[in-house]
Amino acid sequence: MKQQVLVLYLNTSGLDSHVLAWANYDGTGKTDPTTGDSDDPPYETGVEALRDGWRLFQASQLIPPYPGHEYDTSFLKHEFWFEKLE
C-alpha cells in the first residue's frame, strides 16, 4: 500500500472555504506533480477533497496573532493535510 498526500491551504479555518494554494505528493509513482504545474487547484474547497475520497489527517492549530502583529506576513495558517492509500 502506498500513500498519496495532498496539502491544501484554505482561505479560512473552515474546510468549506476556498483553496488558495496546494501541493501534491504521489508515493505511488503514477504521477510526478511539481510546484506551479497548474493554475487551477485540484479542488475548490477541502470538503470537495473529502467527497473525492481524500482522508483528512492533520489541520493547523488555530493560533491567534500576537497583539500588534495582526497584519504581519508569515506562514499560511489554514493548512490541511489529506491522504489516499493505494
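**View 1. Glu48 and its exposure.** Glu48 is partly exposed, at a relative accessible area of 32%; on this scale buried means under 20%, exposed over 50% and partly exposed in between, with a 1.4 Å probe and protein chains only. The residue lies in helix H1, which covers residues 46-51. The model is predicted, so that local features need pLDDT of at least 70 and side-chain atom pairs pLDDT 80 or more, whereas totals for chains, interfaces and linings use all residues. Residues are numbered from 1 along each chain as its sequence is written, and side-chain values use heavy atoms, without hydrogens and water.

**View 2. A negative surface patch.** Asp39, Asp40, Glu44 and Glu48 together form a negative surface patch. Patch residues have over 30% relative accessible area and no salt bridge, and like charges are joined within 9 Å. A salt bridge is a side-chain nitrogen of Lys or Arg within 4 Å of a carboxyl oxygen of Asp or Glu.

**View 3. The fold around helix H1.** The protein contains 1 helix and 4 strands, arranged along the sequence as β-β-α-β-β. Helices (H or I, at least four residues) and strands (E, at least two) are DSSP runs, numbered from the N terminus. The C-alpha trace spans about 45 × 25 × 20 Å along its principal axes.

**View 4. Interior and contacts.** Of the 86 residues in the protein, 27% are buried. Among contacts (heavy atoms within 4.5 Å) with a separation of 6 or more, 64% join residues 24 or more positions apart.

Conventions: Patch = residues over 30% accessible without salt bridge, like charges linked within 9 Å, V, L, I, M, F, W, Y side chains within 5 Å. Areas by Shrake-Rupley, 256 points an atom, 1.4 Å probe, with all protein chains shown as cover. Lys, Arg positive; Asp, Glu negative; His and termini not counted. Charge placed at Lys NZ, Arg CZ, Asp CG, Glu CD.
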